[in-house]
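These are my notebook entries on a structure that I examined for its cavities, one open sheet and one helix. I set them down in the order in which I looked things up.

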Amino acid sequence: LNPVVRLTVALAVLGAAAVGQVRAYGQETAKEPAQSPPREAIEQRPYHISVHLSCDRSARIDAAGRADLLHDWQILVRRLIGAPWVLSIAPASSPLANLDPEGLEPQAFSSLASFDKVWVVRIARSESEGALAFAGREYDTASRRLGPLQRRTALTMSDAPRALLQFTQDLFNPIAEITGQEGEHAILNVQGAALLPATPAGAVVSKGTVFLPLRVVSLTNGKVQVLRIPYTYLQVESVEGPVARCKIISAMRDPFTKRILRPNSLAALGLKAGSSPIQLRFVTKPNQAPAAGYTVTARLVPDGQPHTLGTTDRSGRILLQPGFADGLVILRLLAGNVEPMVELPMMPGVSFQEKDIAIDPKPLTVALEARIDSLRDEVVDLVALRARLEARMKARLEGENWTGLEEALQEFSKLTPRDTYAQRLTTLKDEASQQQRDLKQAVLTRTAQAQITDLQAMIDRYLDDDTYKAYADALDRANAEVTAKTKATAKKAGGRPAVPKAVGKSGPPARTNLPPNPPPTAPAQPNTTPPRPRPPAPSQPF
Amino acid sequence: MLSSSLVTVATAVLVTIGAWCSVLPGQAREARNAPAPGSNDVLRSVPFDRFTLTDGMVLMVDPVSPRPLPPYDPSKEGKRKARSARQAIPDEGEIIVGVAAKNKKNADPNELAIDEVKLHLFEGAANEVLDFKVKRENVKKIEYFEDMLLQECDQLVATHEYARAFECCLRVQMRNPGWHGLDDRVNHVLFAEGSQALIEGDGERGLRLLRELLGRKRDYPGLLDRISAAYGKRIERALSLALYPRGRRILRELMELAPDHVIVKEMRALFISRASQRVTETDRSSGPERLDALAEALRIWPALDGVEPLYTKAFAALPTLEVGVTDVAAPLGPWVHSAADARVSRLLYRPILASDDDEARQGKKADQLAAAIETSDLGQRLVIRIRPGFFWSDGSRPVSAVDVGRDLIDRTDPHAPGYEARWVELLDRVEVNDESRLEIRLNHSPFKAGAWLLGPIGPAHAGVDGRVATSSQDRPLVSDGPFRCVATAADLVELRRRDDDHTPATGAAAETPAAGSTAQTPVDGGTAKTPVDGGTAPRAPQIQRVREIRLQRGQSAVGVLLRGDVSLVDHVPPDRVEALEATEHIKVGTYSKPVVHVIALDGRNPVLRSRSLRRGLSYAVDRTTLLEDHVLKHAATDADLVADGPFPKGCYADAPGVKPLEGHMWLAKMLVAAARKELNNAPIELHLEYPAIAEVQAIVEKLAASWREAGVAIVTSELPPSRLESGLRAGRRFDLAYRVLRCDEPVLDAGVLICPGYDAPPEAEALASTSSPRILQLLLQLERATDSPTARGLVLQIDRESRDELPVIPLWQLVDHYAWRDRLSGPGKVADELYQGIETWEITPWVAKDPWDAH
């Protein structure tokens, strides 16, 4: 279908769904917005918001205080938000106002279909701080979804209007149509985005705003079903007029698949970090056993640094308290030390009902990575040891301490040679490949391969024997030089064969135990003997 | 001015002998550095004498010789001169043929007359004459350097500068040991300093000085009174601290110093009166109070007349074993959170199964609640029949299936002290069919299901802490074991054998005495006798009462055992074992399982998640040196050796071929620096908690110093072992914790060995404290293992990978020892637990006599 046609269908369906709500709460006395027959374009349409504010007895705010607070707040809304919000204040006696925001159900809002948004706000006194605590949720009538629980505090009553404004900004989530997809990006037409806000702070959408994509499906019985596209979010990258260009962040391969039987359209509802804990449960495939002892990390989208949130318990669960991040994050479940099992985008503090998240435990990969880690530790230790010996050899060479240099070379030669580690790494890799072939399951994952590559690079870079060979050659040349000098002296003295009885003070001792470390393919040294051996260039620091 | 000086000198000097050679080189150097003669600092001054001439002139001169000058009496000088004028002609005559006549004019001008003294001035201008001969009659006063030093000494004593005063005396002694007044000054200084030290509370030093003075001059005025008073105070202090043997030893010393002094008699009377008072108090008491009072009376004064028979009689009625322990269980209840809990719980509570074997499952072991256990549904369904005949210690009712069911369910309550997270995962439900039968359903079939039934079972009618309120203030612990708890305190647990417990003794221990037990000879008058000749004499009494006494800080287990304050100690420091084994009347036993010393790391601290830091901490520890130099104080052996993992050598979980952990400080520094870099160069500060165990106290500061040298700031704090271990097992947060662990069954204990809070409630997030995620995953896999090969393979893998992953930092493993006095018979040379076979132990009454009295 033509996208325009599809969009029209989607809006009509959403409108019909909103109008078709059953009125359950006839007591609503707020003035409903006038139904203007020719509805304007979505981007020109303001949000009609019904506000249900109640004050708990602990807040010690009477009716007059409530009225003052709302009055001051509305002034702030006019000054800072402006046209996009059209507010309607419900009386304090509204049944919705007395409901606990945390336990709200969408059915409670069925009578308020004429509004775009319904806010339920409750003010109480915070026990710990003695401050005014705002708690509330937004109900979006078009998508019939409740937004996340939001909380905010105001230390004094005089701060309350401003805090309430910030709180309602947290509550407010725009709604949009997904009008197109360009690769990994989605194009959104946001309601009210064409309306000029009073200040930039009142813009309904801006860079970084997160949307939750929804699929609106028309059922055979004429009803409409609004489905959430799982593990998928849209993050606004740029805004041009009413159109927002969003990055699609999804754990699914094709979140906006067109392989849906029923007529459907796509919409998006804004989403902000909430104040509810999130409980996740991971199980392993195929036996659905709890994935216990896995580490969960989070990083902010798009380029935040990962940080650890916790470890799954014996039943594979982890409870994520709100506030661990203030925006969309990518949760990652790690097995062992580094192997990612699954990656999920998640909005902190937004509770949702998910099934168990099944993962492939990749036990062989994890075991392989543990062995690679151990091998890397050994290599790191060896690199450090070699660097220390090289520094010692350099000092002894510069001081012409040939005996000391000889000892250091011997000590160096006793270290585990590079080939051993290279061989061990190759063996690990080969075994993993063999297991992969035999069991027909991935063992050499991308992470494992990266680890192997890194370790191989480390071995190649830091465990080369050039430095050692240079010092050994320097010692040989010094030996030869001393021998030649001794011969010359003896010849001068009487032509007798020069057989030095003892090595002179500065002469190097005879090398008795040449190290086996240099490979046989060592390059031949030039015939010209330099006047004094120079220390080789130091190894690069690790 | 100049002429006046010259005239004065001319009147004093008779002959100028010319310039002497200059002062000696060394003397010159000394003179340059030392204060000038005549200055106030005599102690550091170059030696000099001060001459005052009759005209009032004061001369600072080199010390004259001889010292002191011979006495000079001007009145006798005239006669002497007359005698010398009439010099007698020698017998051989003044003219001898062939011998040149003596020319009196050529006599040595340096020769001194008897009434002259030669002086060398200390100061003088260049080319000025410094040497003079002075007539003694012109000398008004001579102040010798030694006298000046002694005078200075007096002044220093007056200002309490005793060290310098002693230096003055020392200098006099070096110059002239026999100088008149030196001994008196030394005595004075000793007395003054000793007295002052006593006033300042430094009794040891004060008494040492006064004792030295006593050796020099016994009749020094007031010395004996001072010493006796000081000793008296020390004795009173020892008495107030209940350090009776120490008080008696001090009294003994005083008796040797001043046997007839009145304070000796007073102190002796004080001891006897205190002891007698205790005995008097026993008239109003009975049972354990009477026994304790009599024992204390004898502890105060072992030679108290007529008390020993009373004590022996009271002891025979209630044989009491006093045990010196590293720590007591606190709080005590039907759970095992620490080694102290494990030690006592078997006396207080009976488990469902005495051991995890077929014999126990079939109910063949007497000391267990289960009469039989039937297993079905592949091990997921257990039906337990409860043996009748066991009663709770409050006498309310017999132990039934209800108690067992309630206890098993309580272990799943995160708020209950006995919570076990693994049990929560394992248990599906418990159904109590009737009073004697219950059924347990498990979620899966675990490896060694019986191991979950070895713990203590508390009463269903009690609170979660195992206590029942009998009044508004009294909540006694209710138990079903052979003993009941009668008192608990921060440093004491007292258990009493239950009169209503008629459980037959189990095993061979009841029939044959344990190896190493020896016959005892009770004190005279005792009614309990150990058969010596294998005859029919009555046996020594079995133990009816156990008193566990926590050793106070600074109190050594060996010390209290040697003194006889206790008859059994639960732990002997490894460096004292050899000496103790060679001690008469002391026996040393060995626990069958070694202990492993490890440093636990809390992975909830993000710093300790760093692999580099963990490796750095491990490399910083030179295990071999620390073990041999500070823990064992001898070379490592096959049994006491450096550890390479969490499991001890010799058990099946110890993976072969694991490379030993080495110590390289430079590598440790490098790795710690790398870890700091990972942490944005923030300083790394960690808190090390350690248990108050002798060998740990000896080593912990060395460990901390190693880590500090590697670049990690360490703060140490000492905790009672039970408190530390139970806190860790409850999942509380920490950084580093020194743990001393015994591993009975590696498959079951691996989790707790590596992650202290492995069984803690989920709120503590204790699983995250495992600093290596890889090891945590292996532990959780091990938890779900259902068969032996899989479990053993996993535990080996854990041991192997722990070497590099370092979830804990292994230090060393040691054979653990206990020791007992030979008045106690029954403990074996090797035991799984301290009170193994206590049902058959026997103890004889015994009074610790003072060695001098014994001789």
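**Entry 1: Cavities**

I began with enclosed space, and the largest cavity came out at a volume of about 250 Å³. The model is a predicted one. I then asked which residues are the closest to the centre of the largest cavity. Of the 20 lining residues, these are Arg422(B), Trp452(B), Leu782(B), Glu783(B) and Arg784(B). I noted the elements that give two or more residues to this lining: helix H16 (421-426), helix H24 (746-754) and helix H25 (773-783) of chain B. Sorted by class, the lining holds 13 nonpolar, 2 polar and 5 charged residues. Counting cavities of 30 Å³ or more, I arrived at 3.

**Entry 2: The chain as a whole**

For context I looked up the totals for chain B. I recorded 27 helices and 25 strands in chain B. Of its 855 residues, 50% count as buried. Among contacts in chain B with a separation of 6 or more, 68% are between residues 24 or more positions apart.

**Entry 3: An open sheet**

Next I traced an open sheet of 6 strands in chain B, whose order is E17-E21-E16-E20-E18-E19, with mixed pairing. Which strands stand at the edges? They are strand E17 (641-642) and strand E19 (713-719) of chain B; each has a single partner strand, so one side of each lacks a neighbour in the sheet.

I followed the E17 edge further. E17(B) pairs with strand E21 (residues 808-814) of chain B in the antiparallel sense, over 2 bridges. Here I found Val642(B) opposite Trp812(B) of E21(B).

Two helices on this sheet drew my attention. Helix H20 (residues 623-632) of chain B packs on the sheet and touches E17 and E21 of chain B; its direction makes about 45° with that of E21(B). Helix H19 (residues 611-619) of chain B lies across strand E16 (595-601), strand E18 (685-691), strand E20 (736-742) and E21 of chain B. I noted that H19 runs at about 25° to E21(B).

**Entry 4: A mostly covered helix**

Finally I turned to helix H13 (residues 339-348) of chain B and asked how many of its 10 residues are buried. The count is 7, and I entered the helix as mostly covered. The buried residues of H13(B) are Ala340(B), Asp341(B), Arg343(B), Val344(B), Ser345(B), Leu347(B) and Leu348(B). I then looked up what covers them: the elements include strands E6 (320-325), E11 (483-489), E12 (492-497) and E13 (545-550) of chain B, along with helix H23 (721-729) of chain B.

Notes: Residues are numbered from 1 along each chain as its sequence is written. Chains are lettered from A and ligands numbered from 1 in the order in which they are written. This is a predicted model: local features need pLDDT of at least 70, side-chain atom pairs count only at pLDDT 80 or more; totals for chains, interfaces and linings use all residues. Side-chain values use heavy atoms; hydrogens and water are left out. Buried means under 20% relative accessible area, exposed over 50%, partly exposed in between (1.4 Å probe, protein chains only). Helices (H or I, at least four residues) and strands (E, at least two) are DSSP runs, numbered from the N terminus. Contact means heavy atoms within 4.5 Å. Two strands pair if DSSP finds at least two bridges between them. Axes are lines fitted to C-alpha atoms, for helices over the stretch in contact, and angles run from 0 to 180 degrees between N-to-C directions. On a 1 Å grid over the protein atoms alone, a cavity is a set of points where a 1.4 Å probe fits but cannot get out, and a pocket is an open set with protein on both sides within 12 Å along at least five of seven lines; lining residues have an atom within 4 Å of a point. Grid points are joined across faces, edges and corners, and a volume is the space filled by probe spheres set on the points. Ala, Val, Leu, Ile, Met, Phe, Trp, Tyr, Cys and Pro count as nonpolar, Asp, Glu, Lys and Arg as charged, and the others, Gly among them, as polar.
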